[in-house]
Amino acid sequence: MTTDDDMLARRLAVTLAQAATALPGAPADAVGTVRRRFARRRRRVRMLTGAAAALVALATVVAVAGPRLGLRTTPATPHTGIIHLWTLGTADRNPGLRDRIGAFNDRSDVSVQLSTFGNDAYKRVMAGPWPDPAPDVYENWGGASLTEPVRAGHATDLTDAVAAHPEVADVLLPCVLAGARVDNLLYGLPMTGVQPVVLFYNKKVFADASLDPPRTYAELLTAVDTFRDKDITPIALGGSERWPALMYLAYLTDRIGGAGVFADIAAGRPGAWRDPALKQAATLVRDLVNRGAFGPAADVMGYESGAASQALAAGQAAMQVMGSWEYGNQLRADSAFATRDLGWVPFPRVAGGIGDPAALVGVPANYLTVDAQSPYRTEAVDFLLRTVTSDAYLDGLLEAGEVPAVRDLEPRLAAHPHADFARFTHRLAADAPTFTLVWDQALPSGVAGELLDQTERLFRLEITPDQFVAAMAATR
């Protein structure tokens with residue numbers, strides 16, 4: 001149930017995100033920090049009063065300091081309305097997005113206004129009843145984060161619009177477009193590159209230990225033991241945010257039992273959570289923890305703060321299992337490390353498992369979806385069609401270290417500084433027999449929340465694999 005406190009905090013997060021677009025120096029997760037402070041809730045009255053004061057103060061800052069900081073509170077040219085575009089803060093890494101927004105605003109009677117959010121803050125803002133104020137175009141991960149808005153009437157069917165524009169339909173990878181389909185209708189277009197989860201490693205740390213990167217689970221265990229004995233954290237894990245830990249459970253289940261195990265879970269088939277592959281995967285996860293694979297600080301180390309990535313770059317950790325966006329993160333944080341000592345391989349195969357070792361877990365892409373109830377639905381669809389396959393946008397993804405979800409990537413890679421990683425990632429996506437969306441995005445929010453809770457307990461050794469399976473089987 002959404003309380004008045006929750007609604008006010010959500011509105012405050014939206015207001016802060018919209019202001020942060022123009023005010024320099026705001027951290028990407030500023031709204032998350034604010035929301036966490038409100039979550040402490042000493043007393044309802046105090047919280048409501050404080051939030052209202054924050055809104056007034058923010059409005060004052062924008063009104064007074066905005067002009068001096070170059071903040072335009074009204075468009076430079078007359079527009080009849082505003083398309084509110086909500087995305088994660090990672091969207092700012094693609095310079096092509098700003099370019100396409102500017103080009104669209106120059107030619108359209110309706111302007112696009114971008115607001116960005118930290119990952120956790122965005123999930124809170126989009127959880128529960130539809131936001132008020134609401135976006136006209138919003139980022140989502142596909143899966144349940146798209147299915148739920150479709151069912152609620154907040155997603156525009158793009159099937160016919162895309163079919164009428166072959167310059168869009170014929171360019172994008174079919175496996176990526178499939179991630180934005182609900183009941184065989186298309187409700188989103190990819191705004192990010194393909195994002196498989198892979199195993200990143202520090203080349204220098206491995207070379208110093210005379211080890212090759214692990215291609216099998218047995219080799220991974222050998223590497224874990226070797227680095228543990230050298231007082232190097234074998235695998236950096238941003239466990240404080242929970243979702244990075246879930247990647248291990250998802251991949252191990254896929255490698256052991258195949259993609260059909262989770263497909264049955266996502267479809268809600270009776271008994272799906274009790275598939276033996278899931279218990280075996282949970283057992284391997286527990287063994288990794290007991291083996292010291294994640295070091296002593298896994299449950300407090302953050303990913304979004306950059307701590308896990310910094311540990312890998314500094315040689316304090318040898319490996320990290322993460323989505324392909326990690327390459328771009330490392331590139332921005334320490335380009336020398338990213339171009340010299342950052343390595344990558346597919347998630348290891350498990351001996352005896354029936355899963356295809358070429359199968360992927362990750363995010364086929366993040367998508368942009370137009371709210372079916374937006375008064376500027378037609379203009380917003382036009383913006384998407386003009387943006388996501390434009391040269392500026394696709395080249396901007398490459399510049400940010402992402403891999404565009406297009407069929408023919410090679411012509412864009414000539415003399416490109418990130419060509420090796422782009423080819424690796426693109427080949428994984430193009431060759432994958434299945435591309436399973438990360439579980440916390442594929443499942444309905446209530447089930448996903450319980451899954452994250454139980455995964456955290458499993459990694460903390462608070463429950464056994466049997467108890468994990470039983471808890472998830474009881475989830476509705």
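Start by selecting strand S7 (residues 195-202) together with S10: the two pair in the antiparallel sense over four bridges. Two strands count as paired if DSSP finds at least two bridges between them, and the numbered elements are DSSP runs, with helices (H or I) of at least four residues and strands (E) of at least two, counted from the N terminus.

Before you click further: this is a predicted model, where local features need pLDDT of at least 70, side-chain atom pairs count only at pLDDT 80 or more, and totals for chains, interfaces and linings use all residues. Residues are numbered from 1 along each chain as its sequence is written, and side-chain values use heavy atoms, leaving out hydrogens and water.

**Stop 1: S10 and its neighbour**

Pick Asn202 and look across to S10, where Leu342 stands opposite. Now show the side chains of S10, residues 342-345. Which residues cover its two faces? Leu342 and Trp344 sit on one side, Gly343 and Val345 on the other, and all of them are buried. "Buried" here means under 20% relative accessible area, "exposed" over 50%, and "partly exposed" anything in between (1.4 Å probe, protein chains only).

**Stop 2: S9**

Keep S7 on screen and add S9: the two run antiparallel, joined by five bridges. For a landmark, select Tyr201, whose bridge partner in S9 is Met319. Next, bring in strand S8 (residues 233-235), which runs parallel to S9 with two bridges between them. Here the pair to click is Thr233 and its partner in S9, Ala317.

How many residues of strand S9 (residues 317-323) are buried? Seven of the seven are, so the strand is largely enclosed by the rest of the structure.

**Stop 3: a five-stranded sheet**

Hide those strands and select S2, S1, S3, S12 and S6. In that order they make an open sheet, with mixed pairing. The edges are strand S2 (110-117) and strand S6 (189-190), each of which pairs on one side only. Zoom in on strand S1 (residues 81-88) beside S2: eight bridges hold them in the parallel sense. Ile83 is a handy place to centre the view, with Val112 of S2 opposite.

**Stop 4: charged side chains**

Switch to sticks and select Asp225, Arg228, Asp229 and Arg291, which are linked in a network of salt bridges. A salt bridge is a side-chain nitrogen of Lys or Arg within 4 Å of a carboxyl oxygen of Asp or Glu. By that rule the count comes to 19.

Take the Asp225 and Arg291 link, where the closest N and O atoms are 2.8 Å apart. This pair ties together distant parts of the chain, 66 residues apart: Asp225 is in helix H11 (residues 217-229), while Arg291 is in the loop between helix H14 (276-290) and helix H15 (307-313). Put a surface on and you'll find Arg291 partly exposed, at 31% relative accessible area.

The other contact to click is Asp229 with Arg228, at 3.4 Å from N to O. Is Asp229 buried or exposed? It is exposed, with a relative accessible area of 58%, whereas Arg228 is partly exposed at 34%.

Another salt bridge worth a look joins Asp264 and Arg269, with their closest N and O atoms 2.9 Å apart. Asp264 is partly exposed at 31% relative accessibility, and Arg269 is also partly exposed, at 46%.

**Stop 5: backbone oddities**

Most residues other than glycine have a negative phi, and most peptide bonds are trans. Here are some exceptions to select.

- Asp132 and Pro133 are joined by a cis peptide bond, with omega about 10°. You'll find Pro133 in the loop between helix H5 (119-126) and strand S3 (137-140).
- Asp183 is not a glycine, yet has a positive phi of about 55°. Look for Asp183 in the loop between strand S4 (181-182) and strand S5 (185-186), where it counts as exposed at 58% relative accessibility.
- Leu461, again not a glycine, has a positive phi near 65°. Leu461 lies in the loop between helix H22 (445-459) and helix H23 (465-473) and is partly exposed, with a relative accessible area of 32%.

**Last stop: zoom out**

Colour the whole chain by secondary structure and you have 23 helices and 13 strands on screen. Then recolour by accessibility: of the 476 residues, 53% count as buried.
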